[in-house]
Amino acid sequence: MSSKDCGHHDHDKAKLRLILVIITVFIALVLFIVFLVWIILLPTKPRFVLQDATVYVFNVSTTEPSTLTTNMQITVASKNRMGKVGIYYQKLDVYATYRSQQVTMSTLLPSTYQDHNEIAVWSPFLYGNEIPVAPGLMMDLEQDQNVGAVLLNIRINGCVKWKVGTWISGKYNLNVNCPAYIKFGGFNPNGGITVGPVMKFESVVQGCSVDV
């Protein structure tokens, strides 16, 4: 191999290293810009509030197997607290639980886009017809009925996407938990309206925990 060939080979290697350096710097610059935009915009979790809960039916079976029938309507609001980032809500399932056991079927909320600082409100009905419950849960429920109140949890599970300008992020899991303290008919210290065996509270506003 001549000295001329070696010089040409070294020149190719130097050119390849330069290309690799340029590509690396470009990728690092793009990642830095994306990170900088993310830090500046800093997506914030939406704030959920349970505005109302009305239970029309809350019946416990007296025979085995133990079942619970529930018919209720809730009103839940979400606020986008960001001034530059929009939120897409997708595949939101809402249901009620009692002591971590699901007692209504899941109700699918409509997909929603929420603009900057905007508030979205949903008022779905939740149904559970003769849902089987564990015997131990029945004992807890009977105790709560004797006390005159029951704590239900309204849960929302689904996905969100962030929107900045024309850019839309990937999906992020959304989990919301809203406690709903319901008092039974005949036990009315807070001015609720009796609806069958349970109560409707018109002005209760309850904050919810939100995980994204």
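**Exercise 1. The whole chain**

How much area does the protein chain expose, and what share do carbon and sulfur atoms supply? Then describe the make-up of the chain.

*Solution.*
- Step 1: The model is predicted. In it, the protein chain exposes about 12500 Å². Carbon and sulfur atoms supply 59% of that area.
- Step 2: Turn to the inside. The chain has 212 residues, and 36% of them count as buried.
- Step 3: List the elements. The protein chain holds two helices and 15 strands.
- Step 4: Check the contacts. Take those in the chain with a separation of 6 or more; residues 24 or more positions apart account for 71% of them.

**Exercise 2. A patch on the surface**

Find the residues that make the nonpolar surface patch of about 650 Å². Then place Ile19 and decide whether Ile19 is buried, partly exposed or exposed.

*Solution.*
- Step 1: The patch is made by Ile19, Ile23, Phe26, Ile27, Val30, Leu31 and Val34.
- Step 2: Ile19 sits in helix 1, which runs over residues 3-41.
- Step 3: The relative accessible area of Ile19 is 40%. Partly exposed means between 20% and 50%. Ile19 is therefore partly exposed.

**Exercise 3. The two sides of helix 2**

Compare the span of helix 2 with the expected value. Then sort its buried residues from its exposed ones.

*Solution.*
- Step 1: Helix 2 covers residues 135-147, which makes 13 residues. From first C-alpha to last, helix 2 reaches 19 Å. That is close to the 18 Å expected at 1.5 Å a residue.
- Step 2: Pick out the buried residues of helix 2. They are Leu137, Met138, Leu141 and Asp144. They lie on the same side of helix 2, because they cover an arc of only 120° around the axis.
- Step 3: Look at the other side of helix 2. Pro135, Met139, Asn146 and Val147 are exposed there.
- Step 4: Ask what the buried residues pack against. The partners are strand 1 (47-60), strand 2 (67-79), strand 3 (86-98), strand 4 (101-102) and strand 9 (149-164).
- Step 5: Move just past the helix. Gly148 takes a positive phi of about 105° there.

**Exercise 4. Salt bridges**

How many salt bridges does a search of the whole structure find? Trace them and see which residues are linked.

*Solution.*
- Step 1: The search finds two salt bridges.
- Step 2: Take the pair of Arg99 and Asp140. Their closest N and O atoms are 3.8 Å apart. Arg99 is in the loop between strand 3 and strand 4, and Asp140 is in helix 2. The two residues are 41 residues apart, so the pair links distant parts of the chain.- Step 3: Take the pair of Asp144 and Arg99. Their side chains meet in a salt bridge at 3.5 Å, N to O. Asp144 lies in helix 2 and Arg99 in the loop between strand 3 and strand 4, so this pair ties together parts that are 45 residues apart in sequence.
- Step 4: Join the pairs. Arg99, Asp140 and Asp144 are linked in a network of salt bridges.
- Step 5: Check the cover of each member. Arg99 is partly exposed at 45% relative accessible area. Asp140 is partly exposed at 24%. Asp144 counts as buried at 15% relative accessibility.

**Exercise 5. Far in sequence**

State the C-alpha separation of Ala53 and Gln73. Do likewise for Gln90 and Cys159, then list the contacts of Gln90.

*Solution.*
- Step 1: Ala53 is found in strand 1. At 8% relative accessibility, Ala53 counts as buried.
- Step 2: Ala53 and Gln73 are 20 residues apart along the chain. Their C-alpha atoms are separated by 5.9 Å.
- Step 3: Gln90 is found in strand 3. Gln90 counts as partly exposed, at 22% relative accessibility.
- Step 4: Gln90 and Cys159 are 69 residues apart in sequence. In space they are 5.2 Å apart, C-alpha to C-alpha.
- Step 5: Leave aside neighbours within four places in sequence. Gln90 is then in contact with Ser111, Gly158, Cys159, Lys161 and Lys171.

**Exercise 6. Positive phi outside glycine**

Where do Lys91 and Ser100 lie? Give the phi of each.

*Solution.*
- Step 1: Recall the usual sign. Most residues other than glycine have a negative phi.
- Step 2: Lys91 lies in strand 3. Lys91 has a positive phi of about 50°, although it is not a glycine. Lys91 is exposed, with a relative accessible area of 55%.
- Step 3: Ser100 lies in the loop between strand 3 and strand 4. Ser100 is not a glycine either, yet has a positive phi of about 75°. Ser100 is exposed, with a relative accessible area of 68%.

Definitions and conventions: Residues numbered from 1 in each chain as written. Predicted model: local features only at pLDDT ≥ 70, side-chain atom pairs only at ≥ 80, totals over all residues. Heavy atoms only, no water. Helix = DSSP H or I, 4+ residues; strand = E, 2+ residues; numbered from the N terminus. Expected span 1.5 Å × (residues − 1). Buried < 20%, exposed > 50% of the residue type's maximum accessible area, 1.4 Å probe, protein only. Arc of directions from axis to C-beta. Contact = heavy atoms within 4.5 Å. Patch = residues over 30% accessible without salt bridge, like charges linked within 9 Å, V, L, I, M, F, W, Y side chains within 5 Å. Areas by Shrake-Rupley, 256 points an atom, 1.4 Å probe, with all protein chains shown as cover. Salt bridge = Lys/Arg side-chain N within 4 Å of Asp/Glu carboxyl O.
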